[in-house]
Structures are given as structure tokens and as C-alpha cells.
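Here is a short report for a reader meeting this structure for the first time. Keep the sequence and the 3D view at hand while reading.

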Amino acid sequence: MDTLKKLFVGLTLLLVNTSAFAECANYGCTNVYVEKLYVNASGVVYVGTSGDERLMTCDAVSDVYSTFRSTDAGGDMIFSTLLAAQLSNKKVFVRTVESSNECKIAYVTLDKQ
């Protein structure tokens, strides 16, 4: 019985740990909330997430923001997806270009949650 209890506790912790996973790595940020969208007059969009952008191999602006330009190919769709995620309080995956200046966003994904 004691072994069964340990197995149950272990599986419970694994499930809680997996569902709470939100982190940035060299390629981008996984399972994060969009906390800030900042657009300047030049069309640069700064994206702040609940992850730690300093863990990426690119140069996050102020150690906080990934970026893209509204004029980039697909830039309007990336912005729409990020805005929808922020408004609906959904988590996203933000893929950045490794070793890019200002952590250029390559694409984002928004899954049904």
C-alpha cells in the first residue's frame, strides 16, 4: 500500500509540474502568457512574456522583450495572434531566431486550452 501511495504522489507531482511549465530557452519561450505588447511609431513591436527572455541565445531588448516589425512577412498575423492570446489570457509559444539581434520573432503558436 505504501508503494501505491508513493506512486500516486509522484504522478500527481509530475502532472502539476508539467502543466506549470513555462520557460524560455535558446529558441524561444514555451507555454507563456503575453504580458506586454508595445508598438512604437517605427512599427517595431516589443513582446514581453511571463518567461525569462534572458535564457534565449538572442539579445532580448532590455533583457525582457522579443521583437518583430509590423512590416515583416506575416507581421500582422503574428501581432493578431499575440493580441488574441493576451485578450483571452491564453498561453503561447514564441519562436525566435537564435542569435538574432533584438530576439526577432520567427513565429508564434496558440493552442486550444
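A salt bridge is a side-chain nitrogen of Lys or Arg within 4 Å of a carboxyl oxygen of Asp or Glu. Arg95 and Glu98 make such a pair, with their closest N and O atoms 3.8 Å apart. The model is predicted.

## Confidence

The average pLDDT of the protein is 86. At least 70 is the score of 81% of the residues. One stretch falls low: over residues 6-19 the pLDDT stays under 50. For this stretch the model has 2 contacts beyond four places in sequence.

## Strand β3

Start with β3, residues 44-49. Is β3 mostly covered or mostly open? It is mostly covered, with 6 of its 6 residues buried. Both faces are covered. Val44, Tyr46 and Gly48 lie on one side, and Val45, Val47 and Thr49 on the other.

β3 pairs with two strands named here. Strand β2, residues 28-39, runs antiparallel to β3, with 5 bridges between them. In this pairing, Leu37 has Val47 of β3 as its bridge partner. The hairpin of β2 and β3 has 4 residues between the strands. Gly43 in that hairpin takes a positive phi near 90°. β4 also pairs with β3 in the antiparallel sense, again over 5 bridges. There, Val44 stands opposite Arg69 of β4.

## The nonpolar core

In soluble globular proteins, nonpolar side chains tend to be buried together. Which residues have the most contacts inside the largest nonpolar core here? They are Val34, Val47, Phe68, Leu82, Val92 and Ile105, in a core of 19 residues. The elements giving two or more residues to this core are β2, β3, α2, β5 and β6. β2 gives the most, with 4 residues.

Val47 links the strand and the core. Val47 is one of the buried residues of β3, and it is among those with the most contacts inside the core. Leaving aside neighbours within four places in sequence, its contacts include Val34, Phe68, Leu82 and Ile105. Val47 also touches Lys36, Leu37, Glu53, Val64, Tyr65 and Ser66.

## Salt bridges

Side chains of opposite charge can pair when their charged atoms come close. How many salt bridges does the model have? The count is 3. One is the pair of Arg95 and Glu98 already described. Arg95 is partly exposed, at 21% relative accessible area. Glu98 is also partly exposed, at 39%.

A second joins the side chains of Asp52 and Arg54, at 2.9 Å from N to O. Asp52 is partly exposed, at 23% relative accessibility. Arg54 is exposed, with a relative accessible area of 57%.

The third is between Asp72 and Lys104, whose closest N and O atoms are 2.7 Å apart. Asp72 sits in the loop between β4 (65-69) and α2 (75-88), and Lys104 in the loop between β5 (91-96) and β6 (105-110), so this pair ties together parts that are 32 residues apart in sequence. Asp72 is partly exposed at 22% relative accessibility. Lys104 is partly exposed at 35%.

Terms used
Residues are numbered from 1 along each chain as its sequence is written. This is a predicted model: local features need pLDDT of at least 70, side-chain atom pairs count only at pLDDT 80 or more; totals for chains, interfaces and linings use all residues. Side-chain values use heavy atoms; hydrogens and water are left out. pLDDT is the predictor's confidence in each residue, from 0 to 100. Contact means heavy atoms within 4.5 Å. Buried means under 20% relative accessible area, exposed over 50%, partly exposed in between (1.4 Å probe, protein chains only). Two strands pair if DSSP finds at least two bridges between them. A nonpolar core is a set of buried Ala, Val, Leu, Ile, Met, Phe, Trp, Tyr and Cys residues joined through side-chain atoms within 4.5 Å.
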